[in-house]
Amino acid sequence: MELLDVIVIGAGPAGVFAALRAADLGAKTALVIRDEFGGMAANDGPVPVRTLAQAARLLREARQLGMFGIAVSEPVLNYPRLLERVRTVVNDVRMHSALRAQIDSVQVTVHDHAGTARFVDSHTIETESGLQLRGKKIIICTGGVSRRLSLPGFELTATHSDAWRLTSVPQSMLVIGGGATGAQVASIFNAFGSKIELFEAGPRILATEDEDVSAVVADSFRGAGIRVHESFGKIESFEKTPSGVRMIFSKNGALNGAEAALIVAAVGWVADTATLNFLKVGVEIDHRGFVRVDPYLQTSVPNIFAAGDVTGRMMLVPQAIQDGFVAATNAVRGAKKVSGSPVNPIGSFTDPEYAQVGLSERKAREKHDVLTAVVNFDSTTRTIIDGRTTGFCKLIVDRGTSKILGCHVVGERAVDITQVAAIAITAGMRVDDLAQVPLSFPTYIAILGRVAASAARQLNLKVTWQANHAEDVA
Ligand SMILES: Cc1cc2nc3c(=O)[nH]c(=O)nc-3n(C[C@H](O)[C@H](O)[C@H](O)COP(=O)(O)OP(=O)(O)OC[C@H]3O[C@@H](n4cnc5c(N)ncnc54)[C@H](O)[C@@H]3O)c2cc1C
């Protein structure tokens, strides 16, 4: 059997970028794909979600038409046609945007639809289709799957993937888990007309976001008709009802029930490593199956690296891409490059959107003397024009250096607004530098210029070029 330089298992963003990088560095590389190219990112996560979220956005914009004097009848969603659109988008992304052409052009050997791969020894893998490959280095990029709970009746619940595959919009839905996935499912299906109840065991939804961001999203959800239950108690079981499923839960010793046509459980993420046969090769994992890696993304077995969701760190596409690049660089050139960036963009396409780059306010306060500046969306021109005045932009600045440490935004176009803060953080900009960048008026991005100007004023920094004055006087 030929000895390859690098074998990459899994073709999500981490695997694709690992294979591209390894081949770019001259390594003879093979990419092993269980099913579809593009991984969960293209086939079952952000791409289908974003397509449904776009439909939800169009519905809410259509419902705003009356505000601008445009009379139309109530928009009607044809869900099967929307799902056709989702399938078209997923196929197009897989073909045109998930870098398949680049992978082929750098001569990575791609093994499509090879089935699940497993280790035979630390240099050899085999797949369900009978493929056997031997490599000097192996990079595990197998991502994760929804966590299942060992509770009576849990098999009656659906995952986010089942929710995208429904043939019609359920009349009612319980969403269990108020993290990023649960919040998106709740927000999208609420816009589609389902009666939604969102259950979060902790004291607030979006527990890893800024507390003020969580509060705005929870209030907006409630305002839009979603029943948000925080600190709801402990799930006991699920049972079938004539029209759907019931969840039995307890709180302070009392039993309660809630039922709906469908229950979607979004209770976390575990690594997709159960079938890889790690015991045989000695790759160490944690209690959720996530592969333990050092800062160079090297596992406990020196010739085996891991990248992306399978390591259980920041489970997002930009981080998976970066990990793939770093793991391949270290696999080919020796373990010298450390993974991680100060930016770590996080964002979600709920209504309202929320996003974060850099350090959260809480994290920043652990190590820095912090100043924050906030601009509320009900005081900016563009948001007033568009009738989207819920939300705020918060900038987190180090008082000593005046450098931008982080940014939280909740509200319309939150994700886009934070991208400019990401550039400022990466460039190591001071807040007064950012305040002096001319930004078009009236735009969502200009809100960031305004909050930067506010922070600069609080720090008594001289802003000699009043770039975003228009926002202040409008
Ligand atoms: C509902 C939802 C919405 C999301 N929205 C966003 C978003 O808006 N923005 C964002 O940045 N991130 C989002 N994410 C997260 C993002 O999808 C992941 O962080 C990203 O896909 C991780 O990439 P990866 O390459 O590590 O793994 P994956 O994309 O999961 O790819 C892993 C691949 O490996 C394959 N595989 C697994 N086991 C084996 C095996 N034994 N042999 C061979 N192949 C195997 C899998 O089938 C899969 O194709 C979302 C996730 C979900 C669930």
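Here a biologist and a modeller talk through the sheets, salt bridges and surface of this predicted model.

Biologist: Before we start, what are the ground rules for the numbering and the atoms used?

Modeller: Residues are numbered from 1 along each chain as its sequence is written, and side-chain values use heavy atoms, with hydrogens and water left out. The model is predicted, so local features need pLDDT of at least 70 and side-chain atom pairs count only at pLDDT 80 or more, while totals for chains, interfaces and linings use all residues.

Biologist: Okay, what is the strand order in the open sheet of five strands?

Modeller: Helices (H or I, at least four residues) and strands (E, at least two) are DSSP runs, numbered from the N terminus. Two strands pair if DSSP finds at least two bridges between them. In this sheet the pairing is antiparallel, and the order is β17-β18-β21-β20-β19.

Biologist: And which strands stand at the edges there, with one side left without a neighbour?

Modeller: Look for strands with a single partner strand, because that leaves one side of each without a neighbour in the sheet. The two that fit are β17 (346–348) and β19 (370–376).

Biologist: Which helix packs on that sheet?

Modeller: The helix touches β19, β20 and β21 (404–411), where contact means heavy atoms within 4.5 Å. Its direction makes about 135 degrees with that of β19, with axes being lines fitted to C-alpha atoms, for helices over the stretch in contact, and angles running from 0 to 180 degrees between N-to-C directions. The helix is α15 (residues 446–458).

Biologist: Which residue in β20 stands opposite Val-370?

Modeller: Start with the strands: β19 pairs with β20 (residues 391–398) in the antiparallel sense, over seven bridges. Opposite Val-370, in β20, stands Asp-398.

Biologist: Is β18 largely enclosed or open, and how many of its residues are buried?

Modeller: Buried means under 20% relative accessible area, exposed over 50%, and partly exposed in between (1.4 Å probe, protein chains only). β18 (residues 354–358) forms a hairpin with β17, with five residues between the two, and also pairs with β21 over five bridges. The strand is largely enclosed by the rest of the structure, because the buried count is five of the five residues.

Biologist: What is the bridge partner of Gln-356 in β21?

Modeller: β18 and β21 run antiparallel where they pair. Across from Gln-356, the partner in β21 is His-408.

Biologist: Moving on, how much are neighbouring strands turned against each other in the sheet of three?

Modeller: That open sheet has the order β11-β12-β13 with antiparallel pairing, and its edge strands are β11 (234–241) and β13 (254–260). Direction ignored, the average turn between neighbouring strands is 25 degrees.

Biologist: Is Glu-239 buried, partly exposed or exposed?

Modeller: Glu-239 lies in strand β11. Among the residues it touches, not counting those up to four places away in sequence, are Leu-156 and Ile-248. Its relative accessibility is 33%, so Glu-239 counts as partly exposed.

Biologist: How many salt bridges are there?

Modeller: The rule asks for a side-chain nitrogen of Lys or Arg within 4 Å of a carboxyl oxygen of Asp or Glu. One of them joins Arg-388 and Asp-351 at 2.7 Å, N to O. By this rule the count is 31.

Biologist: How many residues apart are Arg-60 and Glu-412 along the chain?

Modeller: Their side chains meet in a salt bridge (3.8 Å, N to O). Arg-60 is buried at 16% relative accessible area, and Glu-412 is buried at 7%. Arg-60 sits in helix α3 and Glu-412 in the loop between β21 and α13 (414–426), and their separation is 352 residues.

Biologist: What separates Glu-361 and Arg-365 in helix α11?

Modeller: These two form a salt bridge, with the closest N and O atoms 2.9 Å apart. Glu-361 is buried at 15%, whereas Arg-365 is partly exposed at 42%. Because they are four residues apart in helix α11 (residues 361–367), the separation is about one helical turn.

Biologist: Last one: which residues form the nonpolar patch on the surface?

Modeller: Patches are made of residues with over 30% relative accessible area and no salt bridge, with like charges joined within 9 Å and nonpolar side chains (Val, Leu, Ile, Met, Phe, Trp, Tyr) within 5 Å. Areas come from the Shrake-Rupley method with a 1.4 Å probe, and for residues only the protein chains shown count as cover. Together the members have about 410 Å² of accessible area, and one of them, Val-72, is exposed at 53%. The patch is Met-67, Phe-68, Ile-70 and Val-72.
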